[in-house]
Amino acid sequence: MAQENSFTNRILTAALVLAGIYAFFRWLFTPLLPFLLALGVSALLEPVVQRVRRVMKVRRSFAAVAITCAILLVAGSAAALLVLRLGIELEEWSQHIPQSVDAFPSVWNNALDRIEGWYSACPPFLRSALDLLAASVSENATSFVGTVGSWLMERISGLAAALPGAALFCMTTILALFFTGVGYGKILAFLKRQLPQPWQVHCRRAAQCFRSTVLKWMRSEILLIFVTFLILLLGFWWMGADYALLIAFFTALVDALPVLGTGVVIIPWAVFSLLAGDVRRGISLLVLYAAVLLIRSLLEPRLLAGQVNLPPLAVLFAMYLGFHLLGVGGMILLPLLLLLLKQLQDAGIIKLWR
């Protein structure tokens, strides 16, 4: 009987925790995100602020503002240089669009001739299957193009509508970062006073686990994105591709999104290059895709799951469940939450499983 009660209590606790987490991410996460980011960044910068304060013998507020300004200056300068370079390549690319449009019919006809040659060389049973596939594609082509066009227009209009909100989000986050950095100690003291005394030790240990988990996750994701971007950039430069930085940046950005990957960009490009007769580039793109896939498959389990001895199956389950609960964003948030719960379980702060 005692074992049944213990099992029931664990199930109820887990259900309440999951319900609370879902409610937080469903209704509170977005409006609180600027302030949570400011508090998290201030927590990461607090050791640096304390060291600057001790070494330079200055007030805490001055050290916090100086460190925050330095971080924002470095991050802003790096982002500005990247955007500037991307803008230059975008401008050069836009100038070559008319030439690419003029050359497209000949490239397309060349690809069709090659497909026709391959089709003629195929055995009869394979040609019949290809005929069925071509008929199906031709029937659905019009609706597919219309669907893609409407999807693109919705995304463009949504992006334009989100620009004022994004600007307000950035300004709020920057201001909150300054205010939080200056009053970090008072904010922590206020939050601590709101908790019962027995909870304070557990919350302090939970905050340490949260900081460790977030740091590990951020370090892993940033390293994976940087490695992917670097490999793509070197590969595109080696192939002599025009606008290598722009293509590598866009492909790495797509690869950072859940579900999508570098294959969404590289594989269609490689297939089109092979059909157009540029065999060298097509094969080079496929080799580059295989290299990125191999390196990511070797690094990702070590950087993400291996940090807290989390089974890859559990990470996959969290990604799938997160997608069904919260959409695409849940595929990022729920694995991160699972990492945090695993550390809290290992530290003895919570007991959700044996």
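These are my notebook entries on a predicted model of one protein.

**Entry 1. Overall make-up**

I began with the secondary structure and counted 11 helices and 0 strands. Read along the sequence, the pattern is α-α-α-α-α-α-α-α-α-α-α. I then looked up burial: of the 354 residues, 25% count as buried. The accessible surface of the protein comes to about 23400 Å², and carbon and sulfur atoms hold 73% of that area. For contacts with a sequence separation of 6 or more, I noted that 64% join residues 24 or more positions apart.

**Entry 2. The nonpolar patch**

Which residues form a nonpolar patch on the surface? I listed Tyr-22, Trp-27, Leu-28, Leu-32, Phe-35, Leu-36, Phe-317, Leu-321 and Leu-325, which together have about 880 Å² of accessible area. I next asked which helices supply at least two residues each to the patch. They are helix 1, residues 2–56, and helix 10, residues 312–326. Helix 1 gives the most, with 6 residues.

I checked one member, Leu-321, separately. Leu-321 sits in helix 10, and its relative accessible area is 33%, so Leu-321 counts as partly exposed. Membership of the patch requires over 30% relative accessible area, and Leu-321 has 33%.

**Entry 3. The salt bridge**

How many salt bridges does the structure hold? I found 1. The side chains of Arg-60 and Glu-46 meet in it, at 2.4 Å from N to O. Arg-60 belongs to helix 2 and Glu-46 to helix 1, so the pair ties together parts that are 14 residues apart in sequence. I also looked up whether these two residues are buried or exposed. Both Arg-60 and Glu-46 are buried.

**Entry 4. Ser-42 in helix 1**

I turned to Ser-42, which is also found in helix 1. Ser-42 has a relative accessible area of 5%, and a residue under 20% is called buried, so Ser-42 is buried. Which residues does Ser-42 contact, leaving aside its neighbours within four places in sequence? I recorded Leu-177, Thr-180, Gly-181 and Tyr-184.

**Entry 5. Leu-90 and Tyr-243**

Leu-90 lies in helix 2, residues 60–95. With a relative accessible area of 41%, Leu-90 is partly exposed. I then looked up its separation from Tyr-243, which is 153 residues away along the chain. The C-alpha atoms of Leu-90 and Tyr-243 are 8.1 Å apart.

**Entry 6. Helix 11**

I compared the span of helix 11, residues 330–346, with the expected value. At 1.5 Å a residue, its 17 residues should span 24 Å, and the end C-alpha atoms are 24 Å apart, so the two values agree. I also looked up how well helix 11 is covered. Helix 11 is mostly covered, with 13 of its 17 residues buried.

**Entry 7. Cysteines**

How many disulfides does the structure hold? I found 0. I looked up the exposure of two cysteines, Cys-69 and Cys-170. Cys-69 has a relative accessibility of 36% and therefore counts as partly exposed. Cys-170 has a relative accessible area of 43%, so Cys-170 is partly exposed as well.

Methods:
Residues numbered from 1 in each chain as written. Predicted model: local features only at pLDDT ≥ 70, side-chain atom pairs only at ≥ 80, totals over all residues. Heavy atoms only, no water. Patch = residues over 30% accessible without salt bridge, like charges linked within 9 Å, V, L, I, M, F, W, Y side chains within 5 Å. Areas by Shrake-Rupley, 256 points an atom, 1.4 Å probe, with all protein chains shown as cover. Salt bridge = Lys/Arg side-chain N within 4 Å of Asp/Glu carboxyl O. Helix = DSSP H or I, 4+ residues; strand = E, 2+ residues; numbered from the N terminus. Buried < 20%, exposed > 50% of the residue type's maximum accessible area, 1.4 Å probe, protein only. Expected span 1.5 Å × (residues − 1). Disulfide = S-S within 2.5 Å. Contact = heavy atoms within 4.5 Å.
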